[in-house]
Amino acid sequence: MTKRPDELALMAESGRLLASVFEMLDRTPLAGLSTLQIDTMVERFIVDDLQARPASKGQYGYGFVLNCSVNHVVCHGVPSPTDILRDGDIVNLDITLEKNGYIADSSKTYMVGIVAPAAMRLVRVTYEALWLGIQSVRPGARLGDVGWAIERHAKRNGYSIVREYCGHGIGREMHEEPQVRHFGKPGTGLILREGMVFTIEPMLNQGRRTVRTEDDGWTVVTTDGSLSAQFEHTVAVTASGVSVLTLRPDERAMVGKMKLVA
C-alpha cells in the first residue's frame, strides 16, 4: 500500500494535471450546458491539452470520462445530452486522470448560478468535512480518525454520511487498498504509514443517508430525494503529515491555514 519516492513524484504530476482540469472548469459557465457537453469538454482537455488519459473511460465498462451527479444524485451520475444544468443546481464532477502509468482522482461540487441557501450550506459543510478528514492524516494516525473527523462534522451540522461508498487506495490502479470510510471511531482502523496514497471523498446528504441505484446500473440517488454533495482529493501520507496531490491553486490558502504540506 506504500509508494516509493519516484512513484509519489509521478502521482504528484498526475494530481497537478488533474487539478488543472478543475481550473479549466472553474472558468467555464456551466448553466445551459448538458452533462454530456461537459464530459466531451473535459475529455478533449485531458487528451489534447494535457496529453494524458481519462482513466474512468472504459473502466468496468463505463463509457464516459467523468461522473456528473446533479442535486439528489449522490454519485456515478452518467453524462447525458438531455441533462441540462440550470440556475440553482448543484453538480458534483468526479474526474480521474492517468499520466505515466499513475492515476489521480478528484471531485468538486459546483454551484450553478444562484443557489438556495440550504444547498449552499450543504456544499460548504461537505467541503469542510473533506478538509477535516485530510487534516487527520499523518503517520501513526488511524483510518478511524479520518472517518470520525468527517462524520462528527456532518452530524454536528445536521447531515448524514453515505456509507455505501468510500475512499480508496490509488496508484497504478484506480482502486487499491485501503478502503477509506467516511465514518468511524478515533483510534481504530489501519495505522497510516508514510508513502500511502488514497482518496478521501465524503458524500453528505441533507436527509437520510440511504441511497439506491437507478436502472442504468450506475446512477446512485438519495432515497428521499434530498440533495447530496461530495468533494474528493487524492492524498499521500508524508513524514510530516499529508500532501494533497490534487490540490488546486485556489486551495493553497486552505493548506496554509491548516498547516498541511502542499
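This is a short walk through one predicted model, taking in three helices, a pocket and a few single residues.

Okay, ground rules before the tour. Residues are numbered from 1 along each chain as its sequence is written, and side-chain values use heavy atoms, with hydrogens and water left out. Since the model is predicted, local features need pLDDT of at least 70 and side-chain atom pairs count only at pLDDT 80 or more, while totals for chains, interfaces and linings use all residues.

Let's start with the helices. When I say helix or strand, I mean DSSP runs, H or I of at least four residues for helices and E of at least two for strands, numbered from the N terminus. For helix length, the expected span is 1.5 Å times one less than the number of residues.

Helix α2 runs over residues 35-49, and its 15 residues should span 21 Å; the end C-alpha atoms are 20 Å apart, which agrees. Who is buried here? Thr35, Ile38, Asp39, Val42, Phe45 and Ile46. Seen down the axis of α2, those buried residues fall within an arc of 130 degrees, so they line one face of the helix. That arc is taken over the directions from the helix axis to the C-beta atoms. For burial, the cut-offs are under 20% relative accessible area for buried, over 50% for exposed, and partly exposed in between, with a 1.4 Å probe and protein chains only.

Turn α2 around, and the face away from its buried side carries the exposed residues Arg44 and Asp49. And what covers the buried residues of α2? The cover includes α1 (5-26), β1 (66-70) and β3 (90-99). Contact, by the way, means heavy atoms within 4.5 Å. Following α2 comes glutamine 51, with a positive phi near 55 degrees.

Glutamine 51 comes up again from the β3 side. Lysine 99 sits in strand β3, and, not counting residues up to four places away in sequence, lysine 99 touches Ser14, Leu17, Leu50, Gln51 and Ala52. Lysine 99 and leucine 17 are 82 residues apart in sequence, but 8.6 Å apart in space, C-alpha to C-alpha.

On to α3, residues 117-135. Its 19 residues should span 27 Å, and the end C-alpha atoms are 27 Å apart, which agrees. Buried residues in α3 include Leu122, Val125, Tyr127, Leu130 and Trp131.

Then α4, residues 143-156: it has 14 residues and reaches 20 Å from first C-alpha to last, close to the 20 Å expected. How many of its 14 residues are buried? The count is 10, so to speak of α4 as mostly covered is fair by the definition of buried. Among them are Asp145, Gly147, Glu151 and His153. The buried residues of α4 pack against α3, β5 (160-161), β7, β8 and β9 (203-205). Just after α4, glycine 158 takes a positive phi of about 85 degrees.

Gly147 leads us to arginine 181, which is in the loop between β7 (176-180) and β8 (197-200). Arginine 181 is partly exposed, at a relative accessible area of 45%. Leaving aside neighbours within four places in sequence, arginine 181 is in contact with Gly147 and Cys166. The C-alpha atoms of arginine 181 and glycine 147 are separated by 5.6 Å, though the two are 34 residues apart along the chain.

While we're at β7: proline 178 is found in that strand, and the peptide bond from glutamate 177 to proline 178 is cis, with omega near 5 degrees.

Last stop, the pocket. The largest pocket has a volume of about 450 Å³. Of the 22 residues that line the largest pocket, the closest to its centre are Tyr60, Asn67, His76, His168 and His175. A pocket here is an open set of points on a 1 Å grid over the protein atoms alone where a 1.4 Å probe fits, with protein on both sides within 12 Å along at least five of seven lines; lining residues have an atom within 4 Å of a point. The volume is the space filled by probe spheres set on those points, joined across faces, edges and corners.By class, the lining has 8 nonpolar, 10 polar and 4 charged residues, where Asp, Glu, Lys and Arg count as charged, Ala, Val, Leu, Ile, Met, Phe, Trp, Tyr, Cys and Pro as nonpolar, and the others as polar.

Two of those central residues deserve a look. Tyrosine 60, in the loop between α2 and β1, has a positive phi of about 55 degrees although it is not a glycine. Histidine 76 is found in the loop between β2 (73-75) and β3, with phi near 65 degrees.
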